[in-house]
Amino acid sequence: MTKAVKLQLYYKDDETLSFKQAQEELWKMQREIRAAANRIVQLCWEYNGFESDWKKARGEYPTKDENREILGKSLSTVIYHKIKQDAPSVITSNLGSTEQAVVARFNALKADIMRGTTSIPSYRRNMAIDLHKRSIKLTFDTDENGKTDWYFELALFSKSEKKALDLPKSSLKFKAVVRSKSKRFVEPILERCYDGIYDICGSKLQYENGKWFLLLCFSFENEKESLVQLEKDSIMGVHIAEHNAVTCVFGNGNKVREIEGGEVQEFSAQVEKRRRSIGIASRKHSKLCGDGRIGHGYHAKMKPLDNIGQKISNFRNTVNHRYSRQIIDWAVQNGCGTIQLEDLTGYATSELEKYKMLKSWSYYDLQTKIEYKAKEYGINVIKVGYRDLQKWCAACQLPSVKAVKDDDGNTSLVCETCGAAYGANDNVAKALCVKDIAKILSKKADPDDEIEN
Ligand SMILES: [Zn+2]
């Protein structure tokens, strides 16, 4: 199935071309593509006339082979060579897409044109620029508050135009404008395109009322569910431990897959180290500070720091994409139609920082990513509160574990029913494998039995 979404774009590539120059280049490209499109129609029409004459003389239209013999090459190659002269600044792949679209439209109308019931199509000045699917690259940036901005890197310029403009690349970067009212609808689409759940298809760049819009086309198969047979009763538990480590448990806790975690911490430690070294250098006004930044005051010197928080958030988001994909892959590989996910809601932010994910939003972000990816496979995701989970005794299958203080003042977890003792988090992963654990725990949980963390 193919669908499309319309996104306004902001130009975000001043270092490659000034806004004014980029604007002029895009307008020029529109003019060139319009000329090319009209040329294609003209060539198709001419060849159509030739074919009709051929039929009159011989009683049949020329075959594919005869066409090739007459032209020396295929009709589309002949057309392409001609339109290349009309649109010298347009990248090959995009121009090829325009040719395909225009030829297809002409062929669809051909019978009506011959009958005289419709006119030959003509293309107007404000024609959309066709984008081949390979000309579209989707990226994102996430800031410290978890707000994500989406960017499109669109390949546009032919080799000769790139050279003439002395550009480092043939593409320009744009930021997608996601309005708050359409956010809930648009963001999941962009996420899925980024994750490869949706495939980006050939799209269009359109100019309207002084703004540029991307008509982003994407496709997806509805077959994913039928490809794998997932059992609703087959459960995978997902436990989130320290430093983003993830433990997936299957088959009543006998099978375990783990993501080690710690990546985000390592990354931020690295970045922090750099931040400090720049900070120290700046305070001392030392020679370490680049020439360009000397004498431009505090803000100029601190400029390298601006992007650091952004870099960490970005890395976190990328890690969450990877983790959620891995978690869903494991569920699918093991035929699990249900995921029971540890829900950290209610965990104090300071605790989340220290023991679990680095920031609470990053945990919710992972949870959200797991949920929407699960949906693609029809996997059911059930969230189970972490506090209730800690009460579960895997030995007697009852929620009767309590925190007990021994004589030395150390806290340990002991089952009141069977006396089994647990280390922190030991029973949680096992509990997540129990069918309907959320219901069992919510039914039997007694508000007075809260375990102190
Ligand atoms: Zn027990």
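Here is a walk through this structure, from the overall picture to a few helices, strands and one buried glycine.

Keep in mind that you're looking at a predicted model. The protein has 453 residues, and 27% of them count as buried. Its secondary structure adds up to 15 helices and 16 strands. How far along the sequence do contacts reach? If you take the contacts between residues at least 6 apart in sequence, 68% of them join residues at least 24 apart.

Let's start with the helices. Find H1, which covers residues 19-58, and H4, which covers residues 92-115. These two pack with their axes 10 Å apart, at an angle of about 40°. That angle makes H1 oblique to H4, and their crossing is right-handed. On the H1 side, the contact uses Ile33, Ala36, Ala37, Ile40, Val41, Cys44 and Asn48. H4 answers with Leu95, Thr98, Glu99, Val102, Val103, Phe106 and Lys110. What sorts of residues are these? Ten are nonpolar, two are polar and two are charged.

H1 also packs against H3, a helix made of residues 75-86. Here the angle is about 145° and the axes are 9 Å apart. This crossing is right-handed too. H1 brings Glu32, Ala35, Ala36, Arg39, Ile40, Leu43 and Tyr47 to the contact, while H3 brings Leu75, Ile79, Lys82, Ile83 and Asp86. Sorted by class, that gives eight nonpolar residues, four charged ones and no polar ones. Look for Ala36 and Ile40 of H1 in particular: they take part in the contact with H4 and also in the contact with H3.

Now for the strands. S8, at residues 211-219, pairs antiparallel with S1, at residues 2-11, through eight bridges. One spot to check is Leu9, which stands opposite Trp212 in S8. S7, made of residues 203-208, runs antiparallel to S8 as well, with five bridges joining them. Which residue of S8 is the bridge partner of Tyr207? It's Trp212, so named above as the residue opposite Leu9. S7 and S8 form a hairpin with two residues between them, and Asn209 in the turn has a positive phi of about 45°. S8 is also joined to S6, residues 199-200, by two bridges, again antiparallel. There, Ile200 stands opposite Phe218.

Another hairpin is built from S3, residues 136-142, and S4, residues 148-155. Seven bridges hold a place between these antiparallel strands, and Thr142 stands opposite Thr148. Five residues lie between the two strands, and Gly146 in the turn has a positive phi of about 85°.

Further along the chain is an open sheet of three strands, in the order S14-S15-S16, with antiparallel pairing. S14 (401-405) and S16 (421-422) stand at the edges, each with a single partner strand, so one side of each has no neighbour in the sheet. Five bridges join S14 to S15, which covers residues 411-415. Val401 has Cys415 in S15 as its bridge partner.

Last stop: Gly261, in the loop between strand S11 (255-259) and helix H8 (263-283). Is this glycine buried or exposed? It's buried, because 20 other C-beta atoms lie within 10 Å, and 20 or more is the cut-off for being buried. Gly261 is 14 residues from Thr247 in sequence, and their C-alpha atoms are 9.9 Å apart in space.

Note on methods. Residues are numbered from 1 along each chain as its sequence is written. This is a predicted model: local features need pLDDT of at least 70, side-chain atom pairs count only at pLDDT 80 or more; totals for chains, interfaces and linings use all residues. Axes are lines fitted to C-alpha atoms, for helices over the stretch in contact, and angles run from 0 to 180 degrees between N-to-C directions. Helices (H or I, at least four residues) and strands (E, at least two) are DSSP runs, numbered from the N terminus. Angles under 35 degrees count as roughly parallel, over 145 as roughly antiparallel, 65 to 115 as roughly perpendicular and the rest as oblique. A crossing is left-handed if the near helix is turned anticlockwise from the far one by less than a right angle, and right-handed if clockwise. Two residues are in contact if their C-beta atoms, placed from the backbone, lie within 7 Å. Ala, Val, Leu, Ile, Met, Phe, Trp, Tyr, Cys and Pro count as nonpolar, Asp, Glu, Lys and Arg as charged, and the others, Gly among them, as polar. Two strands pair if DSSP finds at least two bridges between them. A residue is buried if 20 or more other C-beta atoms lie within 10 Å of its own, exposed if 12 or fewer, and partly exposed in between; C-beta atoms are placed from the backbone.
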